[in-house]
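Subject: Structure handover

Hello,

I am passing a structure on to you. Please open it, then read the notes below.

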Amino acid sequence: MIKISVIIPVFNSEKYLAECLDSILSQTFRQIEILLVDDGSTDSSLEICREYAGKDQRVSVVHQENKGVACARKAGMKAARGEYIAFVDSDDWLEPCFFSKLYELAEGHQADLAVSACAVERGGETSVRINQFEEACYDKTELKDRIYPQMLYFEDDSFYRFGILQYLWNKLYKKSVIEPCIMNLDDRIYDGEDVACVFDACLRASSIVIDNHPYYHYRIHEESICTSKRDEKYLVNAVYLYRYMEQIFQASEEYEIMLPQLRRFISFFINNGTETMFGYSFKVSHSYHIWELPGLPTSQSGRVAIFGAGKVGQSYYRQLLQRKNIEIAAIVDNHVCGGKIGAMDIEKPEVLLIKQWDYILIAVKEMELAKEMKGWLNMHGIPDEKVIYKDPEIKYPLYELRIEE
């Protein structure tokens, strides 16, 4: 019985295809079908595909005129019979346990999506890219509270970072979740299609399980799309990509937290093309800081309210999101009440008198202001042992953009 359908778009990858297929046929998980979609290759890739189909009955070949990787994946999806779907690029390879690990996680947690890390292979050197969240299974409530606010744009000391790795291929999807993401994709998008599909799937998922082991090997070489020269079509593609993802987010319940992330992403995406098109790109220069989160007395789990919605409060909020044992009970501020930080409303401090919380975290830089806030809390019957304040220390810097030729 087929459990996993593995969809592999193939285009002129004769140099790497055999290694890719050998790594899939060597998987310890055997209940798979391998769908090779030849996208009009002009080298010997199609012959290699047919050779492997002749050697193993789990392999089948679909041939089409060159239409691009998105259309190739759609052709594979139409033929897929498995309960789960996986994607592999034809120049990459897998650890033998890739499917068994992700299938075990998905089934064990009844998750719609299982996510791994990846090893990047470039010029004989290997580096590892991970997801920016703890290894755990996140249900829908936890996705809304912790993952969605930072999954497309994760703010730290890097120029740009995805919270969830943006690749289609380091994941295992329930077919019912990923199929509409693949089939609805705008065919005009030829770069960034992974991003559009992955984050659509994340929003559709009822739960996601994360494993940050690099079971997938991503090969970057001279013919890779990420190293190819971009032209004016790339900017048109960026417009299609932005509009398509905006529609996805508008149709979800997470539009308000996803739209700012989308705008940052598309700026980053366009910046990737400016260097080859115009001879310059944006780099980074020092601007502001992430503030060190004070130690919290809760060792198991607890509810924390943040008093202060400025830069320190926003920094604390982002860090607390990553702590699975902490629930953010409220964010309060006298001066910016009515706004939002991530998915949470900024409320008046008086809500602390009626909401349930274990500790209040004062989030301001000025010691005198912190004393005033603590005094207000004491005046309303909140004891010192329930209030946490530490003179904020810089954890690491964030950056603003500058142009570099």
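In what order do the 6 strands of the open sheet run? The order is 16-17-15-14-18-19. Pairing in this sheet is mixed. Please keep in mind that the model is predicted.

Here is more on that sheet. Its edges are strand 16 (340–341) and strand 19 (387–388). Each of these two strands pairs on one side only. Strand 19 is joined to strand 18, which covers residues 359–362. That pair is parallel and has 2 bridges. Within the pair, L361 is set opposite I388 of strand 19.

Strand 16 turns up again at a pocket. The second largest pocket holds about 510 Å³ of space. It is lined by 21 residues. Closest to the pocket's centre are P149, E155, Q314, R318 and G342. Which elements each give at least two residues to the lining? They are helix 9 (255–278), strand 13 (281–291), helix 10 (311–321) and strand 16. By type, the lining has 10 nonpolar, 5 polar and 6 charged residues.

Next, the other sheet on my list. It is open, with 8 strands in the order 3-2-1-4-10-6-11-9. The pairing is mixed here too. Strand 3 (59–64) and strand 9 (137–139) are the edge strands, and each pairs on one side only. On average, neighbouring strands are turned by 20 degrees against each other, with direction ignored.

Inside this sheet, look at strand 6 (residues 113–115) and strand 10 (residues 171–174). They pair in the antiparallel sense, over 3 bridges. V115 has K171 in strand 10 as its bridge partner. Helix 6 packs on the sheet and touches strand 4 (84–87) as well as strand 10. The directions of helix 6 and strand 10 make an angle of about 100 degrees.

Helix 6 (residues 175–183) also meets helix 3 (residues 69–79). How do the two helices cross, left-handed or right-handed? The crossing is left-handed. Their axes come within 9 Å, at a crossing angle of roughly 140 degrees. Helix 3 brings R73, K74, M77 and K78 to the contact. Helix 6 answers with K175, I178, E179, I182 and M183. The contact counts 4 nonpolar and 5 charged residues, with no polar ones.

Over to you.

Best wishes

Conventions:
Residues are numbered from 1 along each chain as its sequence is written. This is a predicted model: local features need pLDDT of at least 70, side-chain atom pairs count only at pLDDT 80 or more; totals for chains, interfaces and linings use all residues. Side-chain values use heavy atoms; hydrogens and water are left out. Two strands pair if DSSP finds at least two bridges between them. Helices (H or I, at least four residues) and strands (E, at least two) are DSSP runs, numbered from the N terminus. On a 1 Å grid over the protein atoms alone, a cavity is a set of points where a 1.4 Å probe fits but cannot get out, and a pocket is an open set with protein on both sides within 12 Å along at least five of seven lines; lining residues have an atom within 4 Å of a point. Grid points are joined across faces, edges and corners, and a volume is the space filled by probe spheres set on the points. Ala, Val, Leu, Ile, Met, Phe, Trp, Tyr, Cys and Pro count as nonpolar, Asp, Glu, Lys and Arg as charged, and the others, Gly among them, as polar. Axes are lines fitted to C-alpha atoms, for helices over the stretch in contact, and angles run from 0 to 180 degrees between N-to-C directions. A crossing is left-handed if the near helix is turned anticlockwise from the far one by less than a right angle, and right-handed if clockwise. Contact means heavy atoms within 4.5 Å.
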